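Visitor: I should like to learn how the features of this model are to be read. May we go through them in order?

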Amino acid sequence: MYITLNEKAKNMLVMSSQSLKSSENNTFVRPEMFYIRGLKEMSFANCFYIFLFIMYIFALFSNIFVIILIYLDQSLHNPKYLAVVHLALVDLGTTTAVIPKLIEMFLFNSSFISYEACLADMFFVHFFNAMQSLSLLILAYDRFLAICFPLQYHSINTNSRMVGIIVSLWMFAAINLSITVLLITRLSFCQSTVVNSYFCDHGPVYFLACNDIYPNETIGWFDTVVFLVIPLCLILCSYIFIGVTLFKMTSTDGKQKALKTCISHIILVIIFYVPLTLTYILAQFIDSNIRILNNSLSATIPSMLNPIIYTLKTDEMKTAMKKVVKIKFLA
């Protein structure tokens, strides 16, 4: 199926194609720009872009609300809610890296992106997606310590140690994904420059290359394992240990209280990992439009739902909201 383009876009693609063909005999070809396919072939694309805009505004305000609420309530200044604030910041980064560019494509029919901007887009979208996964792992680590080692929890999991873990993971993800993006610069693009995704996605970009893509494939799989598979496995392992600990508890109230603290996190894990896992497993069997739609929703919906779930499902957050509202009302 061919992409429907306006006349300006057609002319730019033709010029780019001619430029690439004239350089086919050269050893290296770097395009001036890429064309992001996005959701243009879908009949409901316009409605979907409007939906994304509404979702972005909601995610923006709800995550900022969570950050301010935790900042205002001294009782929430602990390692668990440091991790929640971190998740909210990552959610803000994820939606900001993805949605504004999609809205720009919709409003200005601007699907072209320069080579350098494409690399920057690739880095930030993948970086914040990776940090979302690692944020859920940090929250699982906190719940694991709180339930399996309750007596040692406050000595093991201090605020300074939590900050150290978060900073270390940011540095690790930034270095690793910088290498991933820099490896794109070694590729020569002598044919199509149409990226079959909703952003400058790593896989769809390097698949367009004419020279050896083995290093890019290798680091792509490495990133998938390190930022998705390993965190998910560690989260599942933490809940196995938590389940064993709960099973050994004699107090029913204790079990229910401990399990209640995990419910919000379990919901977040399901929302984030299930769509991504299904996309990876069924990638060979589903239509590319469905894959693009599913990936775009997977990158945006968790960022909108995370603050809602943590606000409505966590007793400490609900208590903090009541305190803030009471103080505001009395003032």
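Visitor: To begin with a single residue, where is Val29 found?

Guide: Val29 lies in the loop between α1 (7-22) and β1. Helices (H or I, at least four residues) and strands (E, at least two) are DSSP runs, numbered from the N terminus. This is a predicted model, in which local features need pLDDT of at least 70 and side-chain atom pairs count only at pLDDT 80 or more, while totals for chains, interfaces and linings use all residues. Residues are numbered from 1 along each chain as its sequence is written, and side-chain values use heavy atoms, with hydrogens and water left out.

Visitor: Is Val29 buried or exposed?

Guide: Buried means under 20% relative accessible area, exposed over 50%, and partly exposed in between (1.4 Å probe, protein chains only). Val29 has 6% relative accessibility and therefore counts as buried. Val29 and Cys210 are 181 residues apart in sequence, yet their C-alpha atoms are 9.0 Å apart in space.

Visitor: How many helices and strands does the chain have?

Guide: The chain has 11 helices and three strands. Read from the N terminus, the elements follow the order α-β-α-α-β-α-α-α-β-α-α-α-α-α. Of the 331 residues in the chain, 47% are buried. For contacts (heavy atoms within 4.5 Å), residues 24 or more positions apart account for 80% of those with a separation of 6 or more.

Visitor: What is the order of the strands in the sheet?

Guide: Strands of a sheet pair through backbone hydrogen bonds, either parallel or antiparallel. Here, two strands pair if DSSP finds at least two bridges between them. The three strands form an open sheet in the order β2-β1-β3, with mixed pairing. Its edge strands, β2 (112-114) and β3 (194-195), each pair on one side only.

Visitor: Which residues stand opposite one another in β1 and its partners?

Guide: Strands β1 and β2 run antiparallel and are joined by three bridges; Phe34 stands opposite Ile113 in β2. On the other side, β1 (residues 33-36) pairs with β3 in the parallel sense over two bridges. There, Ile36 has Val195 as its bridge partner, and Tyr35 stands opposite Val194. Helix α4 (residues 115-148) packs on the sheet, touching β1 and β2, and its direction makes about 95° with that of β2. For such angles, axes are lines fitted to C-alpha atoms, for helices over the stretch in contact, and the values run from 0 to 180 degrees between N-to-C directions.

Visitor: How many salt bridges does the structure hold?

Guide: A salt bridge is a side-chain nitrogen of Lys or Arg within 4 Å of a carboxyl oxygen of Asp or Glu. The structure holds three. One of them joins the side chains of Lys80 and Glu316 (4.0 Å, N to O). This pair links distant parts of the chain, with Lys80 in helix α3 and Glu316 in helix α11 (residues 315-330), 236 residues apart. Lys80 is buried, with a relative accessible area of 6%, whereas Glu316 is partly exposed at 35%.

Visitor: Why are Glu104 and Lys101 separated by about one helical turn?

Guide: The separation is about one helical turn because Glu104 and Lys101 are three residues apart in helix α3, which spans residues 79-108. Their side chains meet in a salt bridge (3.9 Å, N to O). Glu104 is partly exposed at 32% relative accessibility, while Lys101 is buried at 18%. Leaving aside residues up to four places away in sequence, Lys101 touches Ser110, Phe112 and Ile113. A further salt bridge is formed by the side chains of Arg143 and Asp142 (2.7 Å, N to O), and both residues are buried.

Visitor: Which residues form a nonpolar patch on the surface?

Guide: Patches are made of residues with over 30% relative accessible area and no salt bridge: like charges are joined within 9 Å, nonpolar side chains (Val, Leu, Ile, Met, Phe, Trp, Tyr) within 5 Å. Ile50, Phe53, Ile54, Ile57 and Phe61 form such a patch, with about 500 Å² of accessible area together. Ile57 belongs to helix α2 (residues 45-72) and is partly exposed, with a relative accessible area of 31%. Accessible areas come from the Shrake-Rupley method with a 1.4 Å probe, and for residues only the protein chains shown count as cover. The chain exposes about 17200 Å², of which carbon and sulfur atoms supply 70%.
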